[in-house]
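Could you walk me through this model in the viewer, one selection at a time? Please tell me what to pick next and what I will find there.

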Amino acid sequence: MRHSGKGGTWRATGLTAAACALTMGALTACGGGGGHGGPEAESGAPAARPSTDPTRIPGVGDRLRRRIPADSRQVVAVYGDGKDAPGATVVLYDRRGSVWERVRSWPAHNGKKGWTFDHHEGDNRTPVGVFTLSDAGGVLPDPGAKLPYTESASFAAPHTWGRSAWHDFDYVIAIDYNRVKGTSPNDPTRPQGQKKGGSIWLHMDHGSGTSACVTLSRPAMEYLLRAIDPARHPVVVMGDKADLRA
């Protein structure tokens with residue numbers, strides 16, 4: 001395993017069977033099947049009514065806006081198609097001064113059963129909320145990520161899953177839900193306990209809904225890995241469009 005970032009590089013070899021078992025347990029939280037996603041495509045503006053105020057992120061109401069840290073200057077917004085729907089649009093915003101600028105957008109998938117404010121293990125729903133983005137990794141070498149990046153074969157999806165999901169974790173960005181920041185995304189530690197779920201990531205798409213993660217095409221993941229900058233205090237704001245704008 002190699003972990004690289006501004007703090008340096010470390011290597012470890014010889015994963016024990018126990019460590020592998022823990023890692024596989026963490027990976028199954030993002031599992032799923034279905035076909036591979038298509039090539040990256042730009043999508044239109046989210047269906048949520050856009051704000052005319054450039055100091056606000058379109059489609060994000062006061063309830064979640066107040067949870068965005070004051071020093072955050074980068075937001076990945078995930079606009080879910082519906083409360084019980086697996087489709088979504090991801091939009092990257094950068095704040096320049098007091099203005100939020102839309103950088104780029106992509107089609108995406110979320111939990112097979114949609115969204116929830118009370119996520120728990122096995123519900124096949126993605127948690128609604130605002131979460132920091134601190135760590136990245138995957139099977140493939142670091143593509144130039146600004147976040148600390150852990151490269152390891154231990155990310156690989158089990159081959160008992162459908163072939164279309166084998167590359168799901170070639171690139172991942174950990175969403176800081178029930179995890180320890182500053183660790184590899186596949187660290188299985190869950191501070192709030194196993195029942196609250198965990199290992200919720202942005203990762204590569206297999207063409208259908210997930211257990212809880214948000215998935216995008218490989219070009220989209222490469223773009224986000226190179227763009228998301230810890231110096232800008234990035235967060236993800238995610239949910240179905242109705243809950244986002246509430």
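Start by selecting R125: in this predicted model, R125 has a relative accessibility of 22% and therefore counts as partly exposed, the buried class being kept for values under 20%. R125 sits in the loop that joins β6 and β7. Now show whatever R125 touches, skipping residues up to four places away in sequence: you will get K83, D84, G111, K113, G114, W115, T116, H119, S211 and A212. To try a distance, pick the C-alpha atoms of R125 and A85; they are 9.4 Å apart, with the two positions 40 residues apart along the chain.

Next, step to N124. N124 belongs to the loop between β6 (115–116) and β7 (126–127). Is N124 buried or exposed? With a relative accessible area of 19%, N124 is buried, because the cut-off for that class is under 20%. Check the backbone too: N124 is not a glycine, yet its phi is positive, at about 60°. As background, most residues other than glycine have a negative phi.

For another positive phi, go to N178, which is not a glycine either and has a phi of about 50°. N178 is placed in the loop between β10 and β11 (201–204). Its relative accessibility is 5%, so N178 counts as buried.

Keep N178 selected, since N178 also helps to line the largest cavity. How many cavities of 30 Å³ or more does a search of the whole structure find? The search finds 1, and the volume of the largest cavity is about 60 Å³. To see the lining, select I175, Y177, N178, R179, P185, D187, T189, R190, G198, S199, I200 and W201. Colour these by class and you get 5 nonpolar, 4 polar and 3 charged residues.

W201 from that lining leads on to the rings. Select F155, W161, F169 and W201: ring pairs link these residues into a cluster. The count of aromatic pairs comes to 5. If you want to describe a pair yourself, use the distance of the centres and the angle of the planes.

Now for the nonpolar interior. Which residues touch the most other members of the largest nonpolar core? They are I173, I175, L216 and V237, in a core of 47 residues. Centre the view on I173 and show its contacts, leaving aside neighbours within four places in sequence: L133, D135, A136, L147, W201, L202, M221, L224, L225 and I228 appear. Apart from the largest core lies another one, of 9 residues, including A157, F169, V172 and C213.

One more residue to pick is S152, in the loop between β9 (149–151) and β10 (172–175). S152 has 7% relative accessibility, so S152 counts as buried. Measure from the C-alpha atom of S152 to that of P141 and you should read 8.4 Å, for positions 11 residues apart along the chain.

Finally, zoom out and switch to a cartoon view. The chain has 4 helices and 13 strands. Of its 246 residues, 52% are buried. Turn to contacts between residues at least 6 apart in sequence: 67% of these join residues at least 24 apart.

Note on methods. Residues numbered from 1 in each chain as written. Predicted model: local features only at pLDDT ≥ 70, side-chain atom pairs only at ≥ 80, totals over all residues. Heavy atoms only, no water. Phe/Tyr/Trp six-rings, centres within 6.5 Å; stacked < 30°, edge-to-face > 60°. 1 Å grid on protein atoms, 1.4 Å probe; cavity = no way out; pocket = protein on both sides within 12 Å on 5 of 7 lines; lining within 4 Å. Points joined across faces, edges and corners; volume = space filled by probe spheres on them. Nonpolar A, V, L, I, M, F, W, Y, C, P; charged D, E, K, R; others polar. Helix = DSSP H or I, 4+ residues; strand = E, 2+ residues; numbered from the N terminus. Buried < 20%, exposed > 50% of the residue type's maximum accessible area, 1.4 Å probe, protein only. Core = buried A, V, L, I, M, F, W, Y, C linked by side-chain atoms within 4.5 Å. Contact = heavy atoms within 4.5 Å.
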